[in-house]
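Me: Could you take a close look at the ligand site for me? I'd like to see how the protein surrounds the ligand and which contacts to look at.

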Amino acid sequence: MTTDLDQLRTDLLASIDAAGSLDALDAVRVHALGKQGAVTGLLKTLGAMSPEERQATGPRIHSLREAVTEAIAARKATMERDALDARLAGETLDMTLPVDLPATGGVHPVSQVMDELAEIFADLGFAVATGPEIEDDWHNFSALNIPETHPARAMHDTFYVEPNTTDREIVDKWWNGPNMVLRTHTSPVQIRAMKAAGGTKPVRIIAPGRTYRSDSDATHTPMFHQVEGLVIDKGITMGHLKWTLETFLKAFFERDDIVLRLRPSYFPFTEPSAEVDVGFSIVNGKRVIGGAEGWMEVLGSGMVHRKVIAAGGYDPDEWQGFAFGCGIDRLAMLKYGMDDLRAFFDGDLRWLKHYGFGALDVPTLSGGVGA
Ligand code: PHE
């Protein structure tokens, strides 16, 4: 009996070790522990034994059953882990391999034009500044010499923003005052940029971004884009303004023969003020830059008003400056021959595919800003 049990244990453990698959292992289990199994058979013999015999042999049979059960479980766990390891090794992806699918998605013409503007003005020494789209009344109007009673406030078709709570404590803590607006132009960034420079250093910035007016037709959308330009320094004249605008528009349209028209105008925050039109011709029903068949107004500009220089924290007896504000969407339409402003914001993929720019085509002065 002793040798039989020992031999059986050795044999069973060896077959468990040798089992090459989960099926083979299960066959060994059935062979040992199944209803007709060898170990089960031994357990059945216990009933017929004398008490002494049972006391001597019983624990050995039980220990055999336990050893076999454990060995099967351990072997099963090893096999499962090996299978998982093999699968993980087989499914490895080399993330460093180049993907040979064509890049999908593209750059919206407005984003492209903003990049072009940043590139052109960086070359002229301008930094990019930003400000909030939900702006307070003071920055959007008062500091720009548009007092509360000024008709320009009505002209701007302003969207007013109200707190969505009447809780006094929250309103006092989080709300700057009763009049918050969606900024109607990027000009409030003039004030923010001057304040940030502290009244002692020259300022040279552009500020591209979203602006809002309650207006909608083929040439106006409630949300549109502007870029603001501001230079504050000593001895700044209208000549600097004109040269900067000419240099900018020639670089932007990538041609020297564009025709600019400066018209005297009025803005509360500049004095004197000028509006700038770019001449275009109609070729195959599309507007093309150059010639003077029609004029498209692209920007407003002027010498920064003394009151605005003072509101920005500068002494207007010492510092002068010029500023301009330019519709980015209009610039894009003119440069890339699009005719309905509303299509810019429809999110129609066919339009974007037609007019959009490759994700990797970054504008540079050497490669062409519109390349
Ligand atoms: N903020 C003006 C507008 O939105 C444009 C402008 C900016 C004019 C700066 C002069 C100077 O129409």
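Reply: Happy to! A polar contact here is a pair of N or O atoms within 3.5 Å. With that in mind, and remembering that this is a predicted model, let's go to the ligand.

Arg213 is a good place to start: one of its polar side-chain atoms lies 2.9 Å from an oxygen atom of the ligand. Two other side chains reach nitrogen atoms of the ligand. For Ser187, a polar side-chain atom is 2.9 Å from a ligand nitrogen, and for His185 the distance from a polar side-chain atom to a nitrogen of the ligand is 3.0 Å. As for how far the ligand is covered, it exposes 330 Å² when taken alone, and the protein buries 91% of that area.

Now let's step back to the surroundings. The ligand has 14 residues around it, and those that come nearest are His185, Ser187, Arg213, Gln226 and Gly325. The space that the ligand takes up is the largest pocket. Which elements build the shell? Those giving two or more residues to it are strand 7 (223-233), strand 11 (294-304) and strand 12 (320-327). Strand 12 supplies the largest share, with three residues.

If you'd like to follow this on screen, begin with the side chains of Arg213, Ser187 and His185, then bring in strand 12 for its three residues of the shell.

Conventions:
Residues are numbered from 1 along each chain as its sequence is written. This is a predicted model: local features need pLDDT of at least 70, side-chain atom pairs count only at pLDDT 80 or more; totals for chains, interfaces and linings use all residues. Side-chain values use heavy atoms; hydrogens and water are left out. A residue is near a molecule or strand if one of its heavy atoms lies within 4 Å of it. A polar contact is a pair of N or O atoms within 3.5 Å; within protein, one must be able to donate a hydrogen and the other to accept it, and residues adjacent in sequence count only if both atoms are side-chain atoms. Accessible areas come from the Shrake-Rupley method with a 1.4 Å probe; for residues, only the protein chains shown count as cover. On a 1 Å grid over the protein atoms alone, a cavity is a set of points where a 1.4 Å probe fits but cannot get out, and a pocket is an open set with protein on both sides within 12 Å along at least five of seven lines; lining residues have an atom within 4 Å of a point. A molecule sits in a cavity or pocket if more than half of its atoms lie within 2 Å of its grid points. Helices (H or I, at least four residues) and strands (E, at least two) are DSSP runs, numbered from the N terminus.
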